[in-house]
Every structure is written in C-alpha cells, then in structure tokens.
Amino acid sequence: MGYTITEKILARVSGKEFVKAGDEVMAKPDYVIAYDFPGYTDVYFKQMKEDFGIERVAEPDRYAIFIDHMVPAATPKEEELHIGTRTWCAENGVALYERKGIGHQVAAEVGYAVPGAFVVHFDGHISQLGTFGTLAMGIRRNLLEAFVRERISIKVPQTVRVNLRGTLQKGVMARDVFHHLVRTLGPASCRFQVLEVGGPALSQISTEGLQTITGLAMFTGAVTAIVNPDEERLAYALPRAKKKIEPVWSDPDAEYSAVHDLDLTDLEPLVVIPPTPANSRNLSEYLGIEINAGYLGSCASGRLEDLRVAAKVLQGRQVKAGFQLNVVPTSQEIMAAAGREGLLSTLVEAGAFVSSPSCDYCFGRIATMSANQRAVSTGTLNVRGRMGSPDSEIYLCNAATVAASAIEGAIADPRKYL
Amino acid sequence: MALKPLRGRVAFVFDEENFDVDQIVGVKNIKITDVDELAKVAMLSYDPDFHGKVKPGDVIVGAHNFGYGHPHYPPMRAMRHLGVTGVIAESFSPGYWRGEISMGFPQASCPGILSLVDRWDEIEVDWDANLVRNLTKGTSLPMEPLSYADREMLDAGGLVPYLKRPIAAV
C-alpha cells in the first residue's frame, strides 16, 4: 500500500516512519510564513510575549515575514504596522521581505518552496507553493500555534487526485483550467482534503500556470494543492531552496479518496460571475456586458505569461477611453523581467496603468470601485465588496480576457486578438 | 475530557449551500469592530425581528459547505453576542471551520441536519455520543466526530487557552 506525497511530507515533519490520512500528528513546519496584517501578525507578536512569555522565536531561520499589503502605506497607522513588523523581525533575527512583491510568489522566488517541505501561513493562497511539491497550508489564526510551539497539531488530510488530460486550446489559460475544475467537481469537492494535480496535460501548463491553479485551491474546499514535482519544477526550486530536503512523490499505489479525469480539449475561456468563486461560466455566454475597470495582477495571476498575453492582445491597440486598466506584476523579479522584454512599454503605450507589485488592488484598498461599477479581474476572489462597494461587481477571468475587455469596454473574447 | 453538550433552540436555518457568512452582517458592515454595532446589523436581511426572538443558548443550522467564500470573523462575533452558542451544518468549508473553532465557538458537522430540524426546534449536540438529537421531535442523527485538537480547543475555550495547556501526547 503506497503513500501520497502529502502523507510522506507529514510523516517526515512529525518524526514518524509513515502516517496515513486521518492520523492526528504533531508536525514541525519547515517554514512559518506570514505577511503583516492588522489582527494577525501584530496580534501574534503581542500574544507571544504577553500570553506565552516568549521574547524570541527559537529558530528564526524557520520564519519569514512579508510586507506586501498596504504597500505603499496610505495612512500613518499603516506605516506604524509596518514599523512594528520591521522591529519584530530585527529583534528576532527573522527574514523580512518588503516591497519585493506579493509574498506567496516571492516565497517561491527566494527559496521557501522547497520540494518536500511543510510550510504554514495564515493565508490559504500559500497553497501555490504546492507547484514545487511543497505542502503549504493556510491555517488562519491557528498560525499562532507555530509562533509559540515548535510543533502544530494537524490531521493528515485525504487527497483528491485530478488528472488533466487533452490539449489546451489557444486563449485558454491556467485560470480557466482551475475554474473549470471548480465547475466540474464542485466548490466542496475537496473539502478538508488536498487537491493533487497531475496527468498527461500537466506538461502543457507552465510553472506559472501551476502557481495559479494551486494558489486558488481553497475554492474547491481544499486545505491545499500539490503537484508531484517534475524536472522543470525541480530546476526552478532546487537551486533556490533555503534548505536541503529530499523531494518526495506520491507512490503509484497511493490511496486517494477520489480520482477525477479532467479533459481540457473542449475547454473555452471562462468567466466567474459574481458574487461567488463557485460561479464558473463559459465566457461566450457573457460577452458584451459593459465593464468599467480591469485588474491584471494578484498572487493568482500577474506573472510573465499573463503579462505576455496581455501585451500581445494590446500590442498596437488602445484601452477604451474611460476604461481603467490596472496592471500589477506579481513581484519585482517579474516586473523587471517584463521590462526587459518590453512588455511594460507595450502595456503603457496601450493605455494601461502599470503599478509596482502590491496586494492592495486585489482587496479594494486602492483602485476602489464604487456602487454599480463592474470589473474584469484576475484577482483571487469575486465576493461582494471585495474591490470596493458591496454594490460593485467582479467578473474573474484570465489575463487575455482582461486585456481584450479593456479594448472593448465590455466582456470580450480574447481569441480574436491572439 | 467531557465537552458540555450544546442544548438550545434552532434560532435560524440557513438553507443556502456554500453560504457566505459575511452576508449575516452584510459586506458593507464587515469592517465594524464594535460588537454592539455589529449585533445591531446582524440578520437584518434574513429576519428583521431576529434580535427580539433569539435568546442565549440558541444555535443556528446551516447547509452543505457552510462558510464558503472568504469568511471574516465579525459575523459570528455578532451572533455570539446575540447569544448563539454554536452552529450545526450539513458540512463546513475548512477555512471557516478552523477560524471559528479557534475562537472556541462550537461547530458540529451533521450530514442530514436540514431534514432533522425545523426552526425553533429544541436540539442537543452530544459530543461524546456524536449525536445531534431533536428534542422536540424525538429524533436524532449521527454527527462527524471532532478531531482531538478541535475538541481540546473547544474544551479550552479557544486557541490561546488551548495553547497554554500542556502539549498532549498524540
């Protein structure tokens, strides 16, 4: 009887020869990651001292803090939060990554996506480290446990295996694959389980595309997503890895709670209509809906392939007058690469507003929408009020669709521009 | 360790699947921090008289994948302030579940709960027998057992008191 990659990772970090889904273990995360946010990090730092009498974390190399929300600060209070974070990191000897980009992406760039590692965060989108065979979970406020104890309590999750098959068509991107998965399997299909993505069509999806798919796993109910790392993912992750861990892979006879095949051949670009990430629809059913704003960015999208496709759509064309297109590369590394490729100048010349990396567009802190406005977005979420007024609307779609819609001022099919 | 049974009336049934709990207070109120203010706006769009009807000890019932979306803490802070002592649903979304258990707020996963109860029935959640009993109708259904850590956390009254306890050998 074999084991899943998840079971193998959790066996190692709980000091056991093997564990099976359903076992409750005390596991030592290889890395504990957080971004500074009111009610989370400031509270952990305070509770560590005041409730638990802990002045310093015991192994500072296991911790990493990112400043990616409220960047740049818009109020003195926001800057005070950042000052508190910088001070805590300096006192504790903990690595701080500020203004490098969205933490979930930067974590992979700087080497926390170690294949075979176990990583925890309070935010579930950290699941995208699963692209590299890292088991990365968002555990909300329970992250405090990882600040005050060496080990955290965890129930070994079951795994749902999804095999991607077929051939992706032009204009169809990783986002569409994920939203198709939610539509086909359902928004509760992986509840409390790990989504393990594999299958022959995986070779058609880039590393960036896999970061998109694994990063959105929570909308299937999954606690995280993971991919058995192939040569391409290892070639990215191993040279950057912060520590040496033997990569692991699911055994051929691993036990899954369910195995699904997802054929991509007939898949069209999708749109996720408001107000829930469960509402995947064919883009063709929603063409022509008037749109005021577009957001290309976030930890889910905003990487080089997204910027490339948007630049291709917008090359020699113009964003419709009055339409607000915000393009926010996911990290500084990506932004610099996009600059070298000339993508940023193409986007700017087409009328896009290009901003440095920040999480703030995704949750409406800036570029805030007012009532009755509508956006197309590659952000993570389309719930009411996510990008401003509860009476504004968000249509989630791929980067090409955002760019095409910016040209027409309405939901548009990008395939005619590609 | 005995976790005290929940016993109370079903103050409301949310029969919508994938229910986004932020709707309880309304997204426009999600940033309110004062719990009295939050409680005032809670449930207005579901039952404007809810405040007059609910009483301490009541519970609420939900459908499949309760808490889906991007759940925030204020809605359930408001419900607790109004006296609600727990949530029983067909099933839960994990992010919501983890968040509320860490607040020490009892959650019970009971497949079939929507057909077991009607609004205002008196029900009991028996954590030891893993049963939800409808005391009004004299019926019952099994529920999914809590994990050891979740049970400890509820028994301790939330994440911080749980973490202050000695580490249990698992």
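Here's a short chat about a predicted model with chains A and B.

Visitor: Which helix gives the largest share of the largest nonpolar core?

Guide: That core holds 183 residues, with Ala64(A), Leu347(A) and Val59(B) among those touching the most other members. Domain 1 (5–262) and domain 2 (271–417) of chain A each put in at least three residues. The largest share is 7 residues, and they come from chain A's helix α12 (residues 399–408).

Visitor: Which residues does Ala310(A) touch, leaving out those up to four places away in sequence?

Guide: Ala310(A) is among the core members that touch the most others. With those sequence neighbours set aside, its contacts are Leu296(A), Val327(A), Leu347(A), Ala399(A), Ala400(A), Val402(A) and Ala403(A).

Visitor: What span should helix α6 (residues 174–185) of chain A have?

Guide: Take 1.5 Å a residue and count one less than the number of residues. The helix has 12 residues, and its end C-alpha atoms sit 16 Å apart, which agrees with the expected 16 Å.

Visitor: Is α6(A) mostly covered or mostly uncovered?

Guide: Buried here means 20 or more other C-beta atoms within 10 Å. Phe178(A) and Leu181(A) pass, and so do charged residues including Arg175(A) and Asp176(A). The buried residues pack against elements of chain A including β8 (159–165) and α7 (207–215). With 9 of 12 residues buried, α6(A) is mostly covered.

Visitor: How many nonpolar residues are on the side of chain A that touches chain B?

Guide: The contact takes 30 residues from chain A and 24 from chain B. On chain A's side, β1 (24–27), α5 (143–148) and β7 (152–155) each supply at least two. Besides 7 polar and 9 charged residues, that side has 14 nonpolar ones.

Key. Residues numbered from 1 in each chain as written. Chains lettered and ligands numbered in written order. Predicted model: local features only at pLDDT ≥ 70, side-chain atom pairs only at ≥ 80, totals over all residues. Core = buried A, V, L, I, M, F, W, Y, C linked by C-beta atoms within 7 Å. Helix = DSSP H or I, 4+ residues; strand = E, 2+ residues; numbered from the N terminus. Domains from an automatic or database assignment. Contact = placed C-beta atoms within 7 Å.
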